Each structure stands twice: as C-alpha cells, then as structure tokens.
Amino acid sequence: MVVLRDGRTLIGYLRSIDQFANLLLQDTIERIHVGDKYGDIPRGIFLIRGENMVLVGEIDEEREAHSKLQEVSVATILEAQREEQLAKEEEEKAKMKARLKQGLPVNAPDSYLNSDDVFG
C-alpha cells in the first residue's frame with residue numbers, strides 16, 4: 001500500500017524499487033475511501049516517483065478481511081467522493097463569508113511569508 005502526496009491510496013504488488021525510492025507496482029488498484037465505504041479502481045502497472053510518496057506499508061490481509069469498511073461499486077464511490085468534495089467547498093464558502101463579515105482577510109496565505117518578504 002502506498003499513500004501519495006495528493007492523498008491517493010494505491011495498493012499493488014511491489015515489483016521493483018531503486019536508490020531514489022521509486023516504486024513499480026503491478027496489479028495496482030486505487031482505493032477511494034468515503035466514510036465507512038470504499039471502492040477500488042483498477043490501474044494496472046504503476047510507476048511511482050519516490051518524492052511523491054508519504055507512506056509505504058504492507059497490508060495485513062487478516063485484518064482487512066475483518067474490516068468494518070463496506071466495499072461499493074466504482075460509480076457509487078465516485079459519486080460519494082464528489083458529494084463529499086462539494087460539501088467541503090460549501091463549508092469553505094461559509095468560512096469565507098464569516099471571515100468577510102468579521103473583517104478578516106479572505107485569502108490567508110499558506111505560510112507566514114509573503115512574496116514581498118525580502119531576505120538580506
């Protein structure tokens with residue numbers, strides 16, 4: 001199992017690894033989780049650059065067999081993922097309105113540094 005920086009979860013058979021931690025996975029599936037449901041999308045052979053990985057691990061098949069998660073079809077999980085994403089966007093819009101109402105900046109930067117900061 002590999003978790004990527006963009007949040008995707010890939011599961012497959014490890015076939016190769018190199019000195020840069022690049023991985024080659026065979027019979028790969030992309031697993032999408034929404035709540036207590038998940039769906040698997042077949043992806044085939046997948047080459048992953050080492051810099052894009054957050055987590056790599058082995059799946060315990062015994063624990064996975066006793067998991068409380070419910071497997072659903074790809075169409076169902078993609079629709080649930082879309083609904084979850086829309087709900088998050090609505091939540092962000094509500095936060096933005098609340099910030100405007102309080103007179104706070106709307107687009108707060110992700111870091112403490114602005115593009116105007118100069119190091120000398």
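Visitor: Buried means under 20% relative accessible area, exposed means over 50%, and partly exposed lies in between (1.4 Å probe, protein chains only). What share of the chain's residues counts as buried?

Guide: This is a predicted model: local features need pLDDT of at least 70, side-chain atom pairs need 80 or more, and totals for chains, interfaces and linings use all residues. Residues are numbered from 1 along each chain as its sequence is written, and side-chain values use heavy atoms, leaving out hydrogens and water. The chain has 120 residues, and the buried share is 19%.

Visitor: In what order do the elements run?

Guide: Helices (H or I, at least four residues) and strands (E, at least two) are DSSP runs, numbered from the N terminus. The chain has two helices and six strands. From the N terminus, the order is β-β-β-β-β-α-β-α.

Visitor: Which elements give two or more residues to the largest nonpolar core?

Guide: A nonpolar core joins buried Ala, Val, Leu, Ile, Met, Phe, Trp, Tyr and Cys through side-chain atoms within 4.5 Å. The largest has eight residues: V2, L4, L10, L23, L25, F46, I48 and M53. Two or more come from each of β1, β3 (23-34) and β4 (37-48).

Visitor: How many residues make up the other core, the one with I32?

Guide: This core lies apart from the largest one. Among its members are I32, V34, I41 and I77. Its residues number five.

Visitor: Is M1 buried or partly exposed?

Guide: M1 lies in the segment before β1 (2-4). Its relative accessible area is 31%, so M1 is partly exposed.
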